[in-house]
Amino acid sequence: MENSKRLGEAIAKKAKAKLGEIKTSNFPDGETHLQFIDDVRGAEIVLVQTLHPNPNDALIQLIFAGRTTKDLGARKVIGVVPYMAYMRQDKRFHAGECVSNHIAAHLLNQSVDKIITIDPHLHRVHDLAELFHIERKKLSANGEIANYIKKNFSSKTAVIAGPDMESSQWAKTIADSIGFNSTIFSKERFSSHHVKVTVHHELDWKNKDVIIIDDIVSAGHTMVEAAKEIKKRKPKSVHCICIHPIFAGKAFENIKKAGVKTIVSCNTIEHKSNGIDLSTLVAKEF
Ligand code: R5P
């Protein structure tokens, strides 16, 4: 669909599936218009739509497409949502707030038969089953990231860092799988634009390429503060890898300015930093 055209094409090619066409546009008043160009009757339909950079429009398109597919007589409709937005508001932090992860999931539960997503931000919710009662599959980019690191760095000269405790499921898991040394920092968040990162376990940083791995880069402060802490320890170079490249505002430029040599992301969201392709991972599901 609109947000994931390239990834959708690559998945279709690798899964040897027919690439269908959906036209989306807006009525003059801003409402979404959506139309299937191909006949979907009796078919298993896979809708690939990431929920960034326009989470609201993208979600509406996905809901409309899912329900229309069923209306038109499809056998099964599977939503592939590489980046699942709305997962971070997983509790009522302040009185009166909407807990949007549950509501977004509820809408998808009504619209598709199965959901496939990649490394969703599950923090207080530990399992997709707490949100989705339909068939669900959580894929992880860890294997592809590990392959990228093995190709581009050596365990003798590079180490891996996770910028906060939650990042351990990516940073430490990947490091352990390919025999790289790693350390996980802790992070205090004061606001969306103010975080403090603390290093608890030092590594031998000298002459090392340090690779910071996190799931999401949003405003970029987590990566910037982690990079600054690492730079104080005078390594050879600092690199960032993330799964979901949101890079809100000037996040990308700010991370570069913090002295990071390379910034590489997975293609869950289309971005110039995309360097790790996840189409094979997804195509294996079909
Ligand atoms: C949150 O815990 C995530 O894992 C990321 O660390 C966070 O979303 C990054 O946010 P930002 O780039 O705005 O610091």
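Start by selecting His221 together with the ligand: in this predicted model, a backbone N or O atom of His221 is 3.4 Å from an oxygen atom of the ligand. Considered by itself, the ligand exposes 380 Å², and the protein buries 93% of that area.

Keep the ligand on screen and add two side chains. Show Asp215, where a side-chain N or O atom lies 2.5 Å from a ligand oxygen. Then show Lys187, whose side chain places an N or O atom 3.1 Å from an oxygen atom of the ligand.

Now widen the selection to the whole shell. How many residues surround the ligand? There are 15, and the closest are Asp214, Asp215, Ser218, Gly220 and Thr222. Try colouring this shell by residue class: you should find seven charged, five polar and three nonpolar residues. If you have a pocket display, switch it on here, as the ligand sits in the largest pocket.

Next, go to a cartoon view and pick out the elements behind the shell. Strand S9 (186–191), strand S11 (209–217) and helix H6 (221–232) are the ones to highlight, since each supplies at least two shell residues. Which of the elements gives the most to the shell? That is S11, with four residues.

From H6, follow the chain onward to Lys234, which lies in the loop between H6 and strand S12 (237–245). Check its backbone angles: Lys234 is not a glycine, yet its phi is positive, at about 55 degrees.

Another backbone feature is waiting at Pro53. Select His52 and Pro53 and look at the peptide bond that joins them, which is cis, with omega about 15 degrees. Pro53 belongs to the loop between S3 and helix H2 (55–71).

For the last stop, turn to the salt bridges, of which the model has 17. One to display is the pair Asp38 and Lys18, whose side chains meet with an N to O distance of 3.4 Å. Why is this pair worth a look along the chain? Asp38 is in the loop between strand S2 (32–36) and strand S3 (44–48), while Lys18 is in the loop between helix H1 (5–14) and strand S1 (22–26), so the salt bridge ties together parts that are 20 residues apart in sequence.

Conventions:
Residues are numbered from 1 along each chain as its sequence is written. This is a predicted model: local features need pLDDT of at least 70, side-chain atom pairs count only at pLDDT 80 or more; totals for chains, interfaces and linings use all residues. Side-chain values use heavy atoms; hydrogens and water are left out. A residue is near a molecule or strand if one of its heavy atoms lies within 4 Å of it. A polar contact is a pair of N or O atoms within 3.5 Å; within protein, one must be able to donate a hydrogen and the other to accept it, and residues adjacent in sequence count only if both atoms are side-chain atoms. Accessible areas come from the Shrake-Rupley method with a 1.4 Å probe; for residues, only the protein chains shown count as cover. On a 1 Å grid over the protein atoms alone, a cavity is a set of points where a 1.4 Å probe fits but cannot get out, and a pocket is an open set with protein on both sides within 12 Å along at least five of seven lines; lining residues have an atom within 4 Å of a point. A molecule sits in a cavity or pocket if more than half of its atoms lie within 2 Å of its grid points. Ala, Val, Leu, Ile, Met, Phe, Trp, Tyr, Cys and Pro count as nonpolar, Asp, Glu, Lys and Arg as charged, and the others, Gly among them, as polar. A salt bridge is a side-chain nitrogen of Lys or Arg within 4 Å of a carboxyl oxygen of Asp or Glu.
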